[in-house]
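Student: I have a new structure in front of me and would like to learn how to read it. Could you walk me through it step by step?

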Amino acid sequence: MSEAEHKYDSACGQFLDRLDAWLAGEVPGEAGIALQHHHDNCAQCRVETRLARAIDGITRALPEHDLPTLTRQPPVQAAHRQTSPLGFQVYLARLLDTWRQPLVYAPALVLASLLALLLVQTGPAPVPQTVTVDGVEYNQEEILRAAADLELALRYLDKYGTIPARLVHAELQPHTEPVPNTEAPAI
Amino acid sequence: MDAPFETSRKLYQRRLYSYAWYSLRVAADAEDVVQEAFVRLWEHRREVEPMQVGAWLMRVTQNLVTDQIRRRGTRARDEEVDTDLLPAEQPAPADHHHQRCMKALVEECIAALTDPYRTIVIMREIQGLSYQEIADILGISLDHVKTDLFRAKRKLRELVSSHPRYDQHLLED
């Protein structure tokens, strides 16, 4: 017979309301004695008590479970992969998995070195307006912008695990028109 | 790999997985929940206080389990349970059979409890957390924990006693 079908009078109702607290020793004094008295004199409530004790025994014996598989990727890699879905973002995310990939580090170092050379002025020689890398010509503005974008991309990837779309599609574009020389020497 | 993160993972993985498993009763779902919880910890690793990592993870896992249950649309039914994780059906003395049946029934009814009752029963009765630990995780008072626990156990008892597979003879030794 379920508790719902149990003939329910006020005494049984009170007993069932406090049964679990009573079993846990949380009903001291005369209230506890009264519950014990009802338990001793009510067959149905004794059945309920037996069920409560059985459930307690079963739940307390239930084991904790360990993760059954070890084949899942570690959470850190999962975090990076979740935020780099497709295309260039995936490529760059993989390259930067451990933050020490030379394929990303090297271009940044090359550009930084070029910037340092451009900025160091050892004499009256003018700072070159353009730099040629692998046969492709770039002006100062383009190099500075690409270096800034790459640095920003690295910081963003570190913090958020992804790269903003603007930086994904940013490329170092060689200029197609001559840059006006504002410091053309006087003739 | 971030060392504190790895420490947290080793410390709390089992507890989180157990909670998710007893709530969802499907190993793959429980794994996904735990994986997602640690992914979120990684994403927020600089914002979570080290002393609060356990409670934070538990709350995230609780929310993920709730979302999973909601997606299912109903409680975990028998057919969704990983039967290979249940005790094998082998000829056994009657008392062992009764114990197995009661155990399966109780596990099923625990998963059928609503929150916060399910969470409190799992934390207190299965995982053995103290009232204070449960109060800290759930952000409620000690008295509230005790009250909810007793209500949860009564609800569990009602579910078991009204279950179609329940028979009073299962209580016999």
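Tutor: We will go through the chain, its salt bridges, one helix and a cavity.

Tutor: This is a predicted model, where local features need pLDDT of at least 70, side-chain atom pairs count only at pLDDT 80 or more, and totals for chains, interfaces and linings use all residues. Residues are numbered from 1 along each chain as its sequence is written, chains are lettered from A and ligands numbered from 1 in the order in which they are written, and side-chain values use heavy atoms, with hydrogens and water left out.

Student: How many helices and strands are there in chain A?

Tutor: Helices (H or I, at least four residues) and strands (E, at least two) are DSSP runs, numbered from the N terminus. Chain A has 8 helices and 2 strands, and from the N terminus on its elements run α-α-α-α-α-α-β-β-α-α.

Student: What percentage of the residues in chain A is buried?

Tutor: Buried means under 20% relative accessible area, exposed over 50%, and partly exposed in between (1.4 Å probe, protein chains only). Of the 187 residues in chain A, 33% are buried.

Student: Now the salt bridges, please. How many does the structure hold?

Tutor: Side chains of opposite charge can pair when their charged atoms come close. A salt bridge is a side-chain nitrogen of Lys or Arg within 4 Å of a carboxyl oxygen of Asp or Glu. Over all chains, the structure holds 18 of them. In one, the side chains of Arg154(B) and Asp17(A) meet, 2.2 Å from N to O. Arg154(B) lies in helix α7 (residues 142–161) of chain B and Asp17(A) in helix α1 (residues 10–23) of chain A, so this pair joins two chains.

Student: Which residue forms a salt bridge with Arg60(A)?

Tutor: The partner is Asp56(A), with the closest N and O atoms 3.8 Å apart. Both residues lie in helix α3 (residues 43–61) of chain A, 4 residues apart, about one turn of the helix. Arg60(A) is exposed, at 51% relative accessible area, while Asp56(A) is buried, at 8%.

Student: And how far apart are the closest N and O atoms of Lys153(B) and Asp56(A)?

Tutor: They are 3.2 Å apart in this salt bridge. The pair crosses between chains, from helix α7 of chain B to helix α3 of chain A. Salt bridges with shared partners link Asp56(A), Arg60(A), Glu125(B) and Lys153(B) into one network.

Student: Glu125(B) is new to me. Is helix α5 of chain B mostly covered or mostly open?

Tutor: Helix α5 (residues 117–126) of chain B is mostly covered, with 8 of its 10 residues buried. Among the buried ones are Val121(B), Met123(B) and Glu125(B). After α5(B) comes Gly128(B), whose phi is positive, near 70 degrees.

Student: How do I look for empty space, and how many cavities of 30 Å³ or more are there?

Tutor: Rolling a probe the size of a water molecule over the atoms shows where empty space is left. On a 1 Å grid over the protein atoms alone, a cavity is a set of points where a 1.4 Å probe fits but cannot get out; lining residues have an atom within 4 Å of a point. Grid points are joined across faces, edges and corners, and a volume is the space filled by probe spheres set on the points. The count is 3 cavities of 30 Å³ or more, and the largest holds about 60 Å³ of space.

Student: Which residues line the largest cavity?

Tutor: The lining includes Asp56(A), Glu125(B) and Lys153(B). The largest share, 4 residues, comes from α3(A).

How values were computed
1 Å grid on protein atoms, 1.4 Å probe; cavity = no way out; pocket = protein on both sides within 12 Å on 5 of 7 lines; lining within 4 Å.
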